[in-house]
Amino acid sequence: MSSENIEIDEFHEGKREEVAKQVEPFFKGGPIWKRPFFGVFIIWSFMTLIGVLIGLFVPVHVLNGSSSSQQDSVKLTIVVFTVIAAPVSAVVYGIAAYSLIKWNKRGSGKSDTPPEDGVALRGHGPATVIWLSISVVLVVILLFWGMMVLSSEQTPQGDAIRMQVVGQQWVWTFQYGSTKITSTQLVLPVDRQVVFEVSSKDVTHGFWPVQLGVQVDANPGFSTTIAASPNKLGKFDVRCSQLCGLEHAYMQTTGRVVTEKQFEHWLAQKGASPKAIKLFTTDAK
Ligand SMILES: [Cu+2]
């Protein structure tokens, strides 16, 4: 080992001792409830509880209503992510709050001169291992959760109906697959997956049926697909999510989720033959 390496090792050894000396009063000395660690722990527990409660109840009320299993999954995902993030952010807020209360100028009872910065926590094996393993576990859980939701919600089903969505400045047009019915109205049957094949006639638009919980770009000369599974009768909003020109803000309409019967009836009213409707809804591929 070169003398330089030995010097570095000695340097780290010295630092380690300094760190240990600084960290010690945080965990040791006096009755447990008087130690800083305990104070931070209490604030951490309280803030975690608040974070979990916010995660459980706020997003569900703040987010748009749901008309599809995709939007249900989106909401559940936001709840799960917020709840998992709560204890992590509470560590940061807990230490910050404790420092503000206990180690401010008045609390520390010291003079006007602020204390010197502590030693950087570097080369502390256990701290690194704990920090890294907790982060990795959390990130992997969230990664798998996201992949599972994506694959379960976006895998095309055998009986899915396929329709074409075309964006242009500043209106959406919907073609009901093989029926060749074209309309500016979006009507969908309930409890049936629909695969939208989305494109544009001019600039890039963004097809966003809000309460269906999906969104995809509409590009000229290119078809992008996205699946949605409406599971609730009623209306939903359709918007454009890409700034696409002067009247972008007005590029919106209201879609409807109806029963299978009403859907077939609506197609018939639009001029589709019974044979075409049957082909579209029964043998849809
Ligand atoms: Cu647009």
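**Exercise 1. In what order do the five strands of the open sheet that contains S10 run, and which strands are its edges?**

Solution. Start with the order. In this predicted model, the five strands of this open sheet are arranged S4-S10-S9-S6-S7. Pairing in the sheet is mixed. Next, find the edges. S4 and strand S7 (216-218) each pair on one side only, which makes them the edge strands. Last, check the angle between neighbours. Neighbouring strands here are turned by 30 degrees against each other on average, direction ignored.

**Exercise 2. Which helix packs on this sheet, and which strands does the helix touch?**

Solution. The helix is H6, and H6 touches S4 and S10. Now compare directions. That of H6 makes about 140 degrees with that of S4.

**Exercise 3. Trace the pairing of S9 with strand S6 and with strand S10.**

Solution. Recall the rule first. Strands of a sheet pair through backbone hydrogen bonds, either parallel or antiparallel.

- Step 1. Take strand S6 (residues 205-209) and strand S9 (residues 234-240). Three bridges link them in the antiparallel sense. One residue pair to look at is Phe207 with its bridge partner Cys240 in S9.
- Step 2. Move to strand S10 (residues 253-258). S9 and S10 are also antiparallel, over five bridges.
- Step 3. Pick out residue pairs. Phe236 stands opposite Gly255 in S10. Val238 has Thr253 as its bridge partner in S10.

**Exercise 4. Lay out the open sheet that contains S1, then locate its edges.**

Solution. The order is S3-S2-S1-S5-S8, five strands with mixed pairing. Strand S3 (182-183) and strand S8 (224-228) are the edges, each pairing on one side only. Now look at the S3 side. Strand S2 (residues 171-175) runs antiparallel to S3, joined by two bridges.

**Exercise 5. Is Phe174 buried or exposed, and which residues does Phe174 touch?**

Solution.

- Step 1. Place the residue. Phe174 lies in strand S2, and its bridge partner in S3 is Ser183.
- Step 2. Count neighbours. The cut-off for a buried residue is 20 or more other C-beta atoms within 10 Å. Phe174 has 21 C-beta neighbours inside 10 Å, so Phe174 counts as buried.
- Step 3. List contacts, leaving out residues up to four places away in sequence. Phe174 touches Met163, Val165, Ser183 and Leu186.
- Step 4. Compare sequence and space. Gln185 is eleven residues from Phe174 in sequence, and their C-alpha atoms are 6.9 Å apart.

**Exercise 6. Which residues have the most contacts inside the largest nonpolar core, and which elements give two or more residues to this core?**

Solution. Begin with the general tendency. In soluble globular proteins, nonpolar side chains tend to be buried together. Here the largest nonpolar core has 31 residues, and Met163, Val165 and Phe196 have the most contacts inside it. The elements giving two or more residues to this core are S1, S2, S5, S6, S8, S9, helix H6 (260-269) and helix H7 (274-281). S1 gives the largest share, four residues. Then follow Val165 outward. Among the residues it touches are Trp172, Phe174, Phe196 and Phe207.

**Exercise 7. Find the backbone exceptions at Gln169, Lys180 and Asp191.**

Solution. Set the baseline. Most residues other than glycine have a negative phi, and most peptide bonds are trans.

- Step 1. Gln169 and Trp170 are joined by a cis peptide bond, with omega about -5 degrees. Trp170 sits in the loop between strand S1 (161-168) and S2.
- Step 2. Lys180 is not a glycine, yet its phi is positive, about 65 degrees. The residue is in the loop between S2 and S3. Lys180 is exposed because 11 other C-beta atoms lie within 10 Å, and the cut-off is 12 or fewer.
- Step 3. Asp191 also has a positive phi, near 55 degrees. Its loop lies between strand S4 (187-189) and strand S5 (194-200). With 13 C-beta neighbours inside 10 Å, Asp191 counts as partly exposed.

**Exercise 8. Test the length of helix H2, then locate its kink.**

Solution. Helix H2 (residues 36-62) has 27 residues. At 1.5 Å a residue, H2 should span 39 Å. Its end C-alpha atoms are 37 Å apart, which agrees. Now find the kink. H2 bends by about 30 degrees at Gly55, shortly before the proline Pro59.

Technical notes:
Residues numbered from 1 in each chain as written. Predicted model: local features only at pLDDT ≥ 70, side-chain atom pairs only at ≥ 80, totals over all residues. Expected span 1.5 Å × (residues − 1). Bend = angle between axes of the 7 residues up to and from the residue. Pairing = 2+ DSSP bridges. Contact = placed C-beta atoms within 7 Å. Core = buried A, V, L, I, M, F, W, Y, C linked by C-beta atoms within 7 Å. Axes fitted to C-alpha atoms, helices over the stretch in contact; angles between N-to-C directions.
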